[in-house]
Amino acid sequence: MKKLIYSLFVLAMTAMTFTGCEDVPAPYNLPTAGNDTTHVTPPNPSGTGTQDDPFNVAAALNYITTGEGLDKTVYVKGVIVGTPNIDLSFGNATYDISDDKKVSDKLKVYRGFYFNGAKFTADDQIQEGDTVVVSGKLTNYNGTNEFTIGNSVYSINGKTSGSSGNPTEPSGDGTETSPFNIAKAQSIIAAGTYTEDKVYISGTISKISSVDTKYGNATYYVSDDGTATGQLEVYRGYYLAGAKFTSESQIKVGDKVVILGVLTSFNQKTPEVKSGSQLVTLNGSTTGGSTEEGESITEAATDMGFTDKGVAETATLSDGTTLAFAKAEGTSDPKYYAGSYAAVRMYAKNTLIITATNKTIVKVSITTTDGYKGTLYNGNDEAYAMSGDTKVAINKASDTQAIFSGLSASTITIVNDYTAASGGVQLRIKSITITYAK
């Protein structure tokens, strides 16, 4: 009986012991497939740091650790972790990237710029979770692995531009015959290499901050497409051949320019052409809008290569200047008619765009055909030519002559304007003479 009671007592104690062990926590957490966010194996380092084969973040961190090649521009791909700090006053952003949002190893992108070194203009241009490729120089600053100031975004979620399509590819050698385009200039500045000597840069004026006629310099912006995208500041630059500006009208938005100057980043915040630069060409001219007449070229309608009764489109003159006819807002295409009254007929609202290569057009003289039974064909009274932003009215010098003078641009647009899309007076071009600036 005693043995039975003792056996029952042992069984009871054993049961209590197992029950109590259920409440004792495990000495460590065991990974549970699918719900662990802290114990993830980091990706293996990959990539060579080039544009076509960027480092991943793991490889970038290894690259920094070696301490070698940190003076070179590299490309790193990663996912933005956390909310980027975008400073619109300076146009730069600071944010972290990683290979996987669950991995603790991160790389800081410090005061970086947008595509092609352009400034950030909105706080939603990059966001948490975006996959980006960033170009610039890497360093370890006081224990923080980061991109140095002046880096820029190369791609966001696979796109190498904003919403307006692909940006201009960097090009040019910085020489007079092969100027840097703005994308190339921005990439040089973003890489922190800058230039010690003056280089040639080509672009289109996108914004003018000031033209100071007291000191003779101007501060303006240039870009590859004439918009604010990727624009580069030209700080206190001079006019053609280094002359001082004497009038605010000497440059305007839309002007195509070649600049000779030094590329730098002011306070490592503002990419710019350093003060003291000068314009080399303005709209293809080295004389800067001079209206003094020089050489000229004349082309007869019979030599333009058009088919009789066919649509007049484009003709190229012997010096490379092109004539491009178009229907524009009219109802009839411009046409060429041969015969004794051979001429290109421009109807109401038809246009003629004249484009010269490295020359400035100052005057266009058109000889028209003789009127049939007293009818004149020297264009509508409303006809005009656009020289940049300046509209020049037609001058009917005689019954068979139409002249547009006082021009100053490498591209001129002539419009046989009229109150309606048809009717009016045809501008029948028997021959055309284009006069360039001296």
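This is a short talk on the salt bridges in the structure above.

Okay, so one thing up front: what we have here is a predicted model. Going through the whole structure, the search turns up eight salt bridges. I'll walk you through three of them.

Let's start with D96 and K108. Their side chains meet in a salt bridge, with N to O at 3.3 Å. Where do the two sit? D96 is in strand β3, residues 92–98, and K108 is in strand β4, residues 107–112, so this pair ties together parts that are twelve residues apart in sequence. As for burial, D96 counts as buried, because its relative accessible area is 18% and the cut-off for buried is under 20%. K108 comes out partly exposed, at 25%.

Next up, K252 and D255. Here the side chains form a salt bridge at 2.9 Å, again N to O. What about the acid, D255: buried or exposed? Buried, with a relative accessible area of 2%. K252, on the other hand, is partly exposed at 25%.

Last one: K359 and E295. The closest N and O atoms in this salt bridge are 3.2 Å apart. This pair links distant parts of the chain, 64 residues apart. K359 is in the loop between β22 (351–355) and β23 (361–368), while E295 is in strand β16, residues 293–300. K359 is partly exposed, with a relative accessible area of 22%. And there's a third player here: D319 belongs to one network with E295 and K359, joined by salt bridges that share partners.

So if you're rotating the model on your screen, have a look at E295, D319 and K359 together, since that's the network I just described.

Definitions and conventions: Residues are numbered from 1 along each chain as its sequence is written. This is a predicted model: local features need pLDDT of at least 70, side-chain atom pairs count only at pLDDT 80 or more; totals for chains, interfaces and linings use all residues. Side-chain values use heavy atoms; hydrogens and water are left out. A salt bridge is a side-chain nitrogen of Lys or Arg within 4 Å of a carboxyl oxygen of Asp or Glu. Helices (H or I, at least four residues) and strands (E, at least two) are DSSP runs, numbered from the N terminus. Buried means under 20% relative accessible area, exposed over 50%, partly exposed in between (1.4 Å probe, protein chains only).
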